[in-house]
Amino acid sequence: MRRVSGPRLQLPACRGGCSPSRRPTAFPPRSPGPPPPKWRAGLRRRAEWRSRANRAATALVVPELCLRGNMHFSIPETESRSGDSGGSAYVAYNIHVNGVLHCRVRYSQLLGLHEQLRKEYGANVLPAFPPKKLFSLTPAEVEQRREQLEKYMQAVRQDPLLGSSETFNSFLRRAQQETQQVPTEEVSLEVLLSNGQKVLVNVLTSDQTEDVLEAVAAKLDLPDDLIGYFSLFLVREKEDGAFSFVRKLQEFELPYVSVTSLRSHEYKIVLRKSYWDSAYDDDVMENRVGLNLLYAQTLSDIEHGWILVTKEQHRQLKSLQEKVSKKEFLRLAQTLRHYGYLRFDACVADFPEKDCPVVVSAGNSELSLQLRLPGQQLREGSFRVTRMRCWRVTSSVPLPSGGTSSPSRGRGEVRLELAFEYLMSKDRLQWVTITSPQAIMMSICLQSMVDELMVKKSGGSIRKMLRRRVGGTLRRSDSQQAVKSPPLLESPDASRESMVKLSSKLSAVSLRGIGSPSTDASAVHGNFAFEGIGDEDL
């Protein structure tokens, strides 16, 4: 009978660098032919168990932190501010995107947004909006309104129609520009390639992410039909020249405002490919500029140790680099462990033991945890996304002196954790927790990897983004799906029902705060790809 094991630890050098006889394997060889009756019974039991688990995951729906379009959306705090020119004080609600302040708005501004959306889409489509109050709010009422506004904004963003509307996105862009008090003017914006090369583009401070991406592509002479394979990322440049990824820039952001508002030269905008499956490299490599971008990114990843290379593989790559054989170089690189992965800063996990120092990488439909054992031996554990039943991001904040939390929800240093429930064996689930300032970015990577898997499962495909300007405004082709993360998704035939954005299918369960009353817990995000797990995944 074929056994099912949890994530295995193994030396990365054995991934393609060892002889086949020495490579560690997770399971015994499969025997040909149909499985024996006992195994069929096991399959039925596993299916029944999984069905019960999924029903339990949807029993209570209490979303607290919205995950849609590869982003986390929240209003974690309020501020008491003075009006302009000595006006009366008011309460400002701080809207955070992926854990970072995006904009600061008043209740009246959000009410104006609600009224505009109601005119365009009708009252029946919109979620409930907190009502006006005749008198000044008490601290408890301010906190209640904050929670209601947060749920409202999350519900709007989750809705495929409302969340992708120009009304909603333009509101967020204007609010970001007003919060940072940046006037609209033409500026030079520096965008880096993965190898550190600088691309200087002339943009407006009010240009959104797609406008800046198009300007960078035009400067590089990257064809329009390849733009969708790349994205702009906000990163922090470390002393060794490597990048620490903060987040992927969204369509409602103003890149110039986002990077300058951080007021530090460490933060940069980087152009990097935005897909996980290396099979899509073929489309990009057909073009000279696309080939150069992939080549530069791969060289940088190898230089910084993101891609694991044996001595023999390093010798072969060096030879191809000297010959300037870029395609052959990339073909070889595609066979290497962690090719195309996104690497995060060193952090701590509770696997294989508590408070274990690890380095997390995301790619190829998995999270990889590398750790140092006694004697400086490097080991690795791999967690496939198809075996994650659900995941959550939680944030905990130290209590202020006196041990009570303020209704204004002022924040200290936030501790972020990504926890996922993993199918270690056919009948055993276990929570694995990673403590990292980049926990939200890790969650975003999980979301986008699952998105790609679901597209493949549905028979869809990734196609090239078609873009054109109409009246000076950037527009997508009318035939494209309304999906926020390029590359866009396309159904294989017209009769197939349009692919629903995965995040709209994710379930949430109630989650009690952990630690202290100052701990915030997000919703648990169910993994729709987990339901499709098959024998080949176990």
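## Two helices side by side

Let's start with a pair of helices in this predicted model. Helix H2 covers residues 107-121 and helix H3 covers residues 139-158; the two pack at an angle of about 35°, and their axes are 12 Å apart. Their crossing is left-handed.

Which residues in H2 meet H3? They are Tyr-107, Leu-110, Leu-113, His-114 and Leu-117, and on the H3 side you'll find Arg-145, Leu-149, Tyr-152, Met-153 and Val-156. Sort the residues in this contact by class and you get eight nonpolar, one polar and one charged.

## A five-stranded sheet

Next, look for an open sheet built from five strands in the order S7-S6-S10-S8-S9, with mixed pairing. At the edges sit strand S7 (198-204) and strand S9 (243-248), each of which pairs on one side only. Going from one strand to the next, the twist averages 45°.

Inside that order, strand S6 (residues 186-192) and strand S10 (residues 267-273) pair in the parallel sense over two bridges. If you want a spot to click on, try Leu-192, whose bridge partner in S10 is Val-270. There's also a helix packed on the sheet: H9 (residues 288-303) touches strand S8 (230-237) and S10, and its direction makes about 120° with that of S10.

## Strand S13 and its partners

Is strand S13 (residues 356-363) mostly covered or mostly open? It's mostly covered, with seven of its eight residues buried.

S13 has several antiparallel partners. Strand S11 (residues 342-343) is joined to S13 by two bridges, and Arg-343 has Ser-361 as its bridge partner there. Strand S12 (residues 347-349) connects to S13 through three bridges, with Val-348 partnered by Pro-357. Strand S14 (residues 366-373) runs antiparallel to S13 too, and six bridges hold that pairing; here Val-360 stands opposite Leu-369.

Two of these pairings are hairpins. S12 and S13 have six residues between them, and Asp-355 in that turn has a positive phi of about 55°. S13 and S14 have just two residues between them, and in their turn Asn-364 shows a positive phi of about 50°.

## Zooming out

Now for the whole protein. How many helices and strands does the protein have? The count is twelve helices and 24 strands. Of its 538 residues, 52% are buried. The accessible surface comes to about 25,600 Å², and carbon and sulfur atoms account for 49% of that.

Finally, take the contacts between residues at least 6 apart in sequence: 62% of them join residues at least 24 apart.

Conventions: Residues are numbered from 1 along each chain as its sequence is written. This is a predicted model: local features need pLDDT of at least 70, side-chain atom pairs count only at pLDDT 80 or more; totals for chains, interfaces and linings use all residues. Side-chain values use heavy atoms; hydrogens and water are left out. Axes are lines fitted to C-alpha atoms, for helices over the stretch in contact, and angles run from 0 to 180 degrees between N-to-C directions. Helices (H or I, at least four residues) and strands (E, at least two) are DSSP runs, numbered from the N terminus. A crossing is left-handed if the near helix is turned anticlockwise from the far one by less than a right angle, and right-handed if clockwise. Contact means heavy atoms within 4.5 Å. Ala, Val, Leu, Ile, Met, Phe, Trp, Tyr, Cys and Pro count as nonpolar, Asp, Glu, Lys and Arg as charged, and the others, Gly among them, as polar. Buried means under 20% relative accessible area, exposed over 50%, partly exposed in between (1.4 Å probe, protein chains only). Accessible areas come from the Shrake-Rupley method with a 1.4 Å probe; for residues, only the protein chains shown count as cover. Two strands pair if DSSP finds at least two bridges between them.
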